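Me: I am new to this structure. Please take a close look at one part of it, the packing of helices and strands, and explain each term as you go.

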Amino acid sequence: MSRQSSKKRGGASAKGNGRAAANGAVPDSDRLLRWYRDMLLIRRFEERAGQMYGMGLIGGFCHLYIGQEAVVVGIQACLGERDSVVTGYRDHGHMLAAGMDARGVMAELTGREGGYSRGKGGSMHMFSREKNFFGGHGIVAAQVPLGVGLGFSHRYKGEDGVSVVYFGDGAANQGQVYESLNLAALWELPVLFVIENNKYGMGTSVSRAAAGSGLHARGGGFGIPGRLVDGMDVRAVYEAAGEAVAEARGGKPAILEMETYRYRGHSMSDPAKYRTREEVNRMRRDRDPIERLRHVLESEGHADADALKAIDGEIREIVADAAQFAEQSPEPDPSELYTDVLLEA
Amino acid sequence: MPVAVTMPALSPTMTEGTLAKWLVAEGDRVSPGDVIAEIETDKATMEVEAVDEGVVASLVVPEGTEGIEVNSTILWLNAEGESAGAVPVAETPRPVAKAPPPAPAEPRREASKPQPAPELDYRGETAEITVREALRDAMAEEMRRDETVFVMGEEVAEYEGAYKVTQGLLAEFGPRRVRDTPITEHGFAGLGVGAAFGGLRPVVEFMTFNFAMQAVDQIVNSAAKTLYMSGGQMGCPIVFRGPNGAAARVAAQHSQCYASWYAHIPGLVVVSPFSAADAKGLLKTAIRNPNPVIFLENEILYGQRGAVPTDPDYTVPIGRAKVLRPGRDVTIVAFSRMCAVALEAADVLAGEGIDAEVIDLRTLRPLDRETIASSIRKTNRIVSVEEGWPVAGIGSEIAAIAMEDAFDWLDAPVARVAGEDVPMPYAANLEALALPDAARIAAAARAVCYA
């Protein structure tokens, strides 16, 4: 598999061409392998981040994306460079999928000068104007109106970009989500709302938090169609997103509810008393998105064991390099304390 | 007995208006609910309905009369069967036959006629316009200059602004750039911040800043902090503007000064103009500023007139206070409507031989420490005035600045005059007691002068 040198340091393979799914094309071997690689990068990156947290190299909150990789990889495959993305605090996977450099993401986790926010944002607050990635927001659901605003700016400027807004099942009960759905529908803004339903908002299961007949139906009162998608199957995500992105691009906002699962705790210090070990193990064994795709790749003849092993090796190298960079990058200069509060008028 | 129909107040802050049109003539019979006249203020045209039944005996005020005070008689009505001779036409002064005011307790706060801002030290061409028009002109000029500037808020477009500040903008710029929002402060504030991240320059109107509390998370956590959290990548050029502070008789939830709330937040710029010229010049600067700016207006000042430069390049720098009245005995700092009250106090003090220097802070973050400190070095005494609450208020910060930057020049402890530390009451007498007035400011000034 050939890669551009710019990806050597570890951004996932970024934007797809934004056409295939909308056209109903079946993803070819190259594409399937790219998804496998991108999901694996997120998995290994997050495992390493968890380890580095345990070593005291990463502080504060650190929300890992392990288990949910198919969601962001499948959606990103339907986006182009003109599209923008915004998400909440469980954001490492989104950044890697948007093509941001693994070194810069990991160095932000360690609070170092080489991080995307020069060490001043941390796990929940990273951005890349170059990749149209608008954060990384730490307040549950605050990213939702922001994403509608990004959609507004696409429309205002006469561009055909789509704004993709990710939020969780927990955020789906916040009032500002409904203000946002109303504005997006009322003003016909190009916004795709992706609800990552990983079953638990911190320690509260969806059934204990959300009334009604499913989060995907929550746009009904605003005329926004919603669809329930197997978020543990990257091909299903890709197929659903292709249609929804095309709709949104035409000014018809849409909701996709991704049924997914996080294997790790909410953050790092989560006793996980709210679910059983068996439940987690069952999901890992039966529904793991990476294992499922690996099986497809092998059984349908897209790749042999050697090719997959080569990808594994390549990912290991990228993650090791990112971890080393993040550990060696210096802490920000004390003078950075006072920079970036206001822009010079 | 004939019944007097008086000039109605159409809003909490209206003190006078124009009788635009009579819809009845002498001799007409009217019933309750009949529209009898149209009245205009600088904000709106409204219909006046009859409350009593009867025959119009006389129209006291001719059509087109301006400046008719609220509560003065505009029409006499005879009850059925009464003769026209009963009407006291001869004694009716024009245009005002003032009904007795509802006996307010002292001190009475006049919602009207704050002392005008002093003349502008500007030599170019000016026009005499209201603060309301100055704000509108600032937005219109910046929208002409920069295609990315747009205005958004409740009732800003078709209704032309709840306080008529956005009058005419929809007609000139169309619905793409002048956006009516639903009543959804949290949502549209966040949408505005997202649009600013996306490269636009939103001007977000809050109908009043009281309602911005619904949106404070988006203002503080999203607008103010993202530049820092992104290592300088994510600028947020947005203006949040609208009336702040107490209007008149709208009680606790609608009468609050947010100056110290927003001035507390790094990553925000906070501006609160007093004069019409500053309203225009500072709003233009705020729209051009690459940072989130909180622009605190005042409803009672909207109708105040002043000379305003017509040059579209006229701007007023952020971060500079202005000496409204030079003096040598005591410094009084204030902002927004309280500047008028401070000037009134200075007049009182002048009559007693105390020469007060009055400073309009204009920007509350960053505060102009140098102008404050250099005034203290001259007068050796300072009184801070604000409408908001005293605890952790702007006056607390002024006191700190006085100590940090001018301690050796102080001849008396800093005095603070602030709103009373209570929710705003509705009753007219209690409301007046809750807000600073000239008497209290003058008393504080005398105290620091040991006079």
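Reply: What follows goes from chain A to its contact with chain B, and then into chain B.

This is a predicted model, in which local features need pLDDT of at least 70, side-chain atom pairs count only at pLDDT 80 or more, and totals for chains, interfaces and linings use all residues. Residues are numbered from 1 along each chain as its sequence is written, while chains are lettered from A and ligands numbered from 1 in the order in which they are written.

Start with chain A. It has 11 helices and eight strands. Helices (H or I, at least four residues) and strands (E, at least two) are DSSP runs, numbered from the N terminus. The radius of gyration of chain A is 19 Å, close to the 20 Å that the globule rule gives for 345 residues, so chain A is as compact as a globular protein of that length. That radius is taken over C-alpha atoms, and the rule is 2.2 Å times the number of residues to the power 0.38. The C-alpha atoms of chain A fill a box of roughly 60 × 50 × 45 Å along the principal axes.

Now follow helix α1 of chain A, residues 29-54. It packs with helix α10 (residues 289-299) of chain A at about 150°, their axes 10 Å apart. Axes are lines fitted to C-alpha atoms, for helices over the stretch in contact, and angles run from 0 to 180 degrees between N-to-C directions. α1(A) and α10(A) are therefore roughly antiparallel. Angles under 35 degrees count as roughly parallel, over 145 as roughly antiparallel, 65 to 115 as roughly perpendicular and the rest as oblique. The crossing of α1(A) and α10(A) is left-handed. A crossing is left-handed if the near helix is turned anticlockwise from the far one by less than a right angle, and right-handed if clockwise. Residues in this contact include Trp35(A) and Met39(A) of α1(A), and Leu293(A) and Leu297(A) of α10(A). Two residues are in contact if their C-beta atoms, placed from the backbone, lie within 7 Å. By class, the contact has 11 nonpolar, no polar and two charged residues. Ala, Val, Leu, Ile, Met, Phe, Trp, Tyr, Cys and Pro count as nonpolar, Asp, Glu, Lys and Arg as charged, and the others, Gly among them, as polar.

α1(A) has another partner. Its axis and that of helix α11 (residues 305-328) of chain A come within 9 Å and cross at roughly 40°. α1(A) and α11(A) are therefore oblique to each other. This crossing is right-handed. Phe45(A) of α1(A) and Ile315(A) of α11(A) are among the residues in contact. The contact divides into 11 nonpolar, no polar and five charged residues.

Next, the two chains meet. Chain A gives 34 residues to the contact, and chain B gives 34 residues. On the chain A side, α5 (143-156) and α6 (175-186) give two or more residues each. α5(A) gives the most, with 10 residues. The chain A side divides into 17 nonpolar, 12 polar and five charged residues.

Cross into chain B. An open sheet of four strands has the order β1-β8-β6-β3, with antiparallel pairing. Two strands pair if DSSP finds at least two bridges between them. The edge strands are β1 (3-6) and β3 (29-30) of chain B, each paired on one side only. β3(B) and β6(B) (residues 54-59) pair antiparallel over two bridges. Val30(B) stands opposite Gly54(B), and Arg29(B) has Val55(B) as its bridge partner. Four bridges join β6(B) to antiparallel β8(B), residues 73-78. There Ser58(B) stands opposite Trp76(B).

Another open sheet of chain B has seven strands in the order β11-β10-β12-β13-β15-β14-β20, with mixed pairing. Its edges are β11 (178-180) and β20 (363-365) of chain B. Neighbouring strands are turned by 20° against each other on average, direction ignored. β10(B) (residues 149-153) and β11(B) pair parallel over three bridges. Gly153(B) stands opposite Asp180(B).

A helix lies over this sheet. α7(B) lies across β10, β12, β13, β14 and β15 of chain B, running at about 160° to β15(B). The axes of α7(B) (residues 276-288) and α1(B) (residues 131-145) come within 8 Å and cross at roughly 25°. These two helices are therefore roughly parallel. Their crossing is right-handed. Leu135(B) of α1(B) and Leu283(B) of α7(B) are among the residues in contact. The contact has nine nonpolar, no polar and five charged residues.
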